[in-house]
Amino acid sequence: MIEVIKEFIDGIIEKLNLQCEANIEETDEEFKVTLAGPDAHVLIGYRGDVLDSIQYLTLLLINKHGESNKRLVIDGENYRAKREATLSKLAKNLAFQVSKSGRPKQLEPMNPFERRIIHSALANDKYVTTESEGEEPNRYVVIKPVKKSSTQRVERQERPQNTSTVTGINRYAGKMKSFGGEKRRYF
C-alpha cells in the first residue's frame, strides 16, 4: 500500500512541477505522509486546504484498495502541529472572552480535524461549552457560556453581603469630605 500512496502523491507533485518529496511511514493504526522540500508550502495551501484535499483523495485511493481500517495523515513543514497549537490558543482566548461577556461566540467553518482541536482544548473548561453546528462543509464551532445552576445561585444569595451603607446608599457609595460638608461619591 505504501507504494500506491507514494506513486499517487509523487504524481501530484510531478504534475504541479514542484520540488518536493513524500516520505511515508506505516504503523498499525495509520499511514503518515510527510512532505518535505522547498515547495512544500504550495502543497499546504491556505490554512491547509490543499493538504486536506490531497489527504482526502489519497484516503479514497486507500479505501478503494481495501485498507479502510487505517487512518491517513498528510503533513508538510510540521503544519498540523503548528495549526493545532494555534487553534488551542485561539480556543482558550475565545473561551475567556465568552466567560467574561456571557455571550456565545461562533467560529468560522472548519474541517473535522480543526473542530476536534477546539472541542478538545475546551473539554475541561468549567465556564464554557462547545457545540458543532451547520452542515458540511460549512460546519462550525460555537463556544457558549455554561449556564449557572440553581444551586450556584442559592450559594451566591446565602453569602453575607457587605451592605454597610451610609444612610441607605448601597455598598458602592462612600463619603467624600469637602469644605462645605459631606458629599456622596459613587464608584
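**View 1. The hairpin of S5 and S6 and its glycine 134.** In this predicted model, six residues sit between strands S5 and S6 of the hairpin. Look here for glycine 134, whose phi is positive, near 95°. On either side of the turn, S5 (128-133) and S6 (residues 140-145) run antiparallel and are joined by six bridges. One bridge to follow by eye links valine 128 with its partner in S6, proline 145.

**View 2. The open sheet S4-S6-S5.** Step back from the hairpin and a sheet of three strands comes into view, ordered S4-S6-S5 and paired in the antiparallel sense. Which strands form its edges? They are S4 (105-106) and S5 (128-133), each with a pairing partner on one side only. S4 and S6 share two bridges, again antiparallel. Lysine 105 is a handy residue for finding this pairing, as its bridge partner in S6 is isoleucine 143.

**View 3. Helix H4 against the antiparallel sheet.** This close-up keeps the sheet of S4, S6 and S5 and brings in helix H4 (79-101). H4 packs on the sheet and touches S4, S5 and S6. The direction of H4 makes about 40° with that of S6.

**View 4. The open sheet S1-S2-S3.** Here is another open sheet of three strands, in the order S1-S2-S3, and its pairing is mixed. Its edge strands are S1 (21-26) and S3 (71-76), each pairing on one side only. From one strand to the next, the twist averages 20°. S2 (residues 30-36) pairs with S3 in the parallel sense, over six bridges. As a reminder for reading such views, strands in a sheet are held in pairs by backbone hydrogen bonds, and the pairing can be parallel or antiparallel. To trace the S2 and S3 pairing, start at threonine 34, whose bridge partner in S3 is aspartate 75.

**View 5. Glutamate 30 and its neighbours.** Zoom in on glutamate 30, a residue of strand S2. Which residue of S3 is its bridge partner? That partner is arginine 71. Leaving aside residues up to four places away in sequence, glutamate 30 touches Glu25, Lys70, Arg71 and Val73. Leucine 72 makes a nice example of sequence distance set against spatial distance: glutamate 30 and leucine 72 are 42 residues apart in sequence, yet their C-alpha atoms are 5.5 Å apart in space.

**View 6. Strand S3 and the helices over the mixed sheet.** How many of the six residues of S3 are buried? Five are, so S3 is mostly covered, with buried meaning under 20% relative accessible area. Helix H1 (residues 2-15) lies across S1, S2 and S3, and runs at about 160° to S1. Helix H3 (residues 49-64) lies across S2 and S3, at about 150° to S3.

**View 7. The largest pocket.** This view is centred on a pocket with a volume of about 560 Å³, the largest in the model. Of its 18 lining residues, those closest to the centre are Asp52, Gln55, Arg80, Phe113 and Arg116. Which elements supply at least two residues each to the lining? H3, S3, H4 and helix H5 (112-121) do. H3 gives the most, with six residues. If you have just come from the earlier views, you will recognise H3 as a helix lying across S2 and S3, and H4 as the helix that packs on the antiparallel sheet.

**View 8. The whole protein, to place the close-ups.** The full chain has six helices and eight strands. Reading along the sequence, you meet them in the pattern α-β-β-α-α-β-α-β-α-β-β-α-β-β. The protein has 187 residues, and 28% of them count as buried. Among contacts with a separation of 6 or more, 50% join residues 24 or more positions apart. The accessible surface comes to about 13200 Å², and carbon and sulfur atoms account for 50% of that area.

Definitions and conventions:
Residues are numbered from 1 along each chain as its sequence is written. This is a predicted model: local features need pLDDT of at least 70, side-chain atom pairs count only at pLDDT 80 or more; totals for chains, interfaces and linings use all residues. Side-chain values use heavy atoms; hydrogens and water are left out. Helices (H or I, at least four residues) and strands (E, at least two) are DSSP runs, numbered from the N terminus. Buried means under 20% relative accessible area, exposed over 50%, partly exposed in between (1.4 Å probe, protein chains only). Contact means heavy atoms within 4.5 Å. Accessible areas come from the Shrake-Rupley method with a 1.4 Å probe; for residues, only the protein chains shown count as cover. Two strands pair if DSSP finds at least two bridges between them. Axes are lines fitted to C-alpha atoms, for helices over the stretch in contact, and angles run from 0 to 180 degrees between N-to-C directions. On a 1 Å grid over the protein atoms alone, a cavity is a set of points where a 1.4 Å probe fits but cannot get out, and a pocket is an open set with protein on both sides within 12 Å along at least five of seven lines; lining residues have an atom within 4 Å of a point. Grid points are joined across faces, edges and corners, and a volume is the space filled by probe spheres set on the points.
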